[in-house]
Amino acid sequence: MDLIQLSRISFKHLTALHVMLSTHSVTQSAEILCMSPSSVSKTLSQLRQLLDDELFYRDGTKLIPTSYALKIGPVLHQILNNMNGLLNQSTFKPKDFSGKYSLSMRESTFEIFAPIISDILSTQAPSSHIDIHSKEQLGFDALLNGQVDVILLPHDRSQPPTTEKQLVWETVIEDEMICLMSADHPLVDKELTVEDYLAYKHIGIFDKELNVPYFEQCLAQQYQPRDVAISVADFGSAATLCHHTEFLFTSSKKWAEMASQAKGLVIKQMPFDYGQVVYSMVYNKLSINDQAVSWLCDRIKEK
């Protein structure tokens with residue numbers, strides 16, 4: 001262990017790098033850290049010399065982290081999280097918490113969890129702040145790096161979406177899948193069969209981090225793949241297309257019952273075994289040391 005080298009690196013250096021890996025902006029990092037942009041730049045310059053790496057390079061107007069900076073991100077998160085746990089051993093008081101939470105989810109998932117998030121902000125921790133990011137923008141890597149505290153998402157219970165051991169998956173809501181169609185669809189007055197389901201074009205939802213859904217595999221193995229005419233990023237966009245086409249949309253039932261975009265669409269039961277679907281809360285094991293994040297996870301589990 002090089003104690004002399006370690007003594008030259010302070011938590012100010014590590015905190016600045018941690019925030020920069022999230023914002024990719026000196027100005028935004030300075031605002032978060034209550035420092036001047038010049039102070040952040042100076043701190044990063046010192047760290048570049050100590051670590052012998054550029055850490056960030058400029059691409060037009062953007063600052064892009066180097067491969068080394070990305071590599072040490074999870075380790076950096078662990079160091080800072082452990083220190084945060086040591087400094088905050090007293091009982092957490094949500095009413096007094098004025099920090100910021102960072103969540104990641106799809107827009108459709110937010111509709112499911114909006115009531116509990118609203119309750120946290122209005123009554124349980126009224127001085128806190130919450131940033132909601134798109135899961136496409138900040139996914140599992142962001143969770144490992146500490147850029148995100150919690151990810152909320154629907155998925156097949158039988159398929160672990162990631163094998164990363166650092167991440168903890170907890171089921172919050174059990175759900176089921178249904179088929180949505182427009183009110184004037186030719187199948188409205190019929191009981192939906194597998195043959196009917198496969199005869200029409202479909203609207204798909206893409207997620208680059210999740211496995212191929214079980215029901216897709218089931219269809220391909222037992223019948224045939226469905227004809228996905230268009231794939232969109234979120235349930236709301238799919239429901240809007242459903243209103244204007246004869247395309248079918250396979251959706252979360254709980255979302256369909258709550259979402260304004262799904263109003264007026266007809267719900268049909270799935271005509272085949274599709275397994276089990278749930279909404280899960282995903283967080284980094286290191287969050288156990290952060291009483292604020294631990295409290296947030298407990299509130300979400302009460303959903």
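User: Before we look at E170 and K301, what counts as a salt bridge here?

Analyst: A salt bridge is a side-chain nitrogen of Lys or Arg within 4 Å of a carboxyl oxygen of Asp or Glu. Keep in mind that this is a predicted model. In it, the side chains of E170 and K301 meet in just such a contact, at 3.4 Å from N to O. E170 sits in strand β6 and K301 in helix α12 (residues 291-301), so the pair ties together parts that are 131 residues apart in sequence.

User: How many salt bridges turn up in the whole structure?

Analyst: A search finds eight. Another one joins the side chains of E176 and K253, at 3.7 Å from N to O. That pair also links distant parts of the chain: E176 is in the loop between β6 and β7 (177-181), K253 is in helix α11 (residues 253-258), and they are 77 residues apart.

User: Are E176 and K253 buried, exposed or partly exposed?

Analyst: E176 counts as partly exposed, because its relative accessibility is 27%. K253 gets the same label at 22%, since the partly exposed class runs between 20% and 50%. Back in the earlier pair, K301 is partly exposed too, with a relative accessible area of 37%.

User: What about R299, and which residue does it pair with?

Analyst: R299 forms a salt bridge with E302, and their closest N and O atoms are 2.7 Å apart. R299 is buried, with a relative accessible area of 14%, whereas E302 counts as exposed at 53%. There is a network as well: salt bridges that share partners join E170, D298 and K301.

User: Let's turn to sheets. How do I read the strand order, and which strands are at the edges?

Analyst: The general idea is that strands of a sheet pair through backbone hydrogen bonds, either parallel or antiparallel. Here, an open sheet of five strands has the order β4-β3-β5-β12-β6, and the pairing is mixed. The edge strands are β4 (129-134) and β6 (167-175), each pairing on one side only. On average, neighbouring strands of this sheet are turned by 25° against each other, direction ignored.

User: Which way do β3 and β4 run, parallel or antiparallel?

Analyst: Parallel: strand β3 (residues 100-105) is joined to β4 by six bridges. To find your place in that pair, look for S104, which stands opposite H133 in β4.

User: And what does the pairing of β1 and β2 look like?

Analyst: Strand β1 (residues 56-59) and strand β2 (residues 62-65) run antiparallel, joined by four bridges. Y57 stands opposite I64 in β2. Their hairpin has two residues between the strands, and G60 takes a positive phi near 70°.

User: Now helices. Where is the kink in α6?

Analyst: Start with the regular case: an α-helix has 3.6 residues a turn, so residues three or four places apart point the same way. Helix α6 (residues 107-124) has a kink of about 60° at F113, shortly before the proline P115. The buried residues of α6 include F113, along with I112, I116 and I120.

User: Last one: where is confidence lowest and where is it highest?

Analyst: As a rule, where pLDDT is low, the predicted coordinates should not be read in detail. In this chain, the lowest confidence is in helix α1 (residues 3-7), with a mean of 64, and the highest is in strand β11 (residues 266-269), at 96. The chain averages a pLDDT of 87, and 92% of the residues score at least 70.

Key. Residues are numbered from 1 along each chain as its sequence is written. This is a predicted model: local features need pLDDT of at least 70, side-chain atom pairs count only at pLDDT 80 or more; totals for chains, interfaces and linings use all residues. Side-chain values use heavy atoms; hydrogens and water are left out. Two strands pair if DSSP finds at least two bridges between them. Axes are lines fitted to C-alpha atoms, for helices over the stretch in contact, and angles run from 0 to 180 degrees between N-to-C directions. The bend at a residue is the angle between axes fitted to the seven residues ending there and the seven starting there. Buried means under 20% relative accessible area, exposed over 50%, partly exposed in between (1.4 Å probe, protein chains only). pLDDT is the predictor's confidence in each residue, from 0 to 100.
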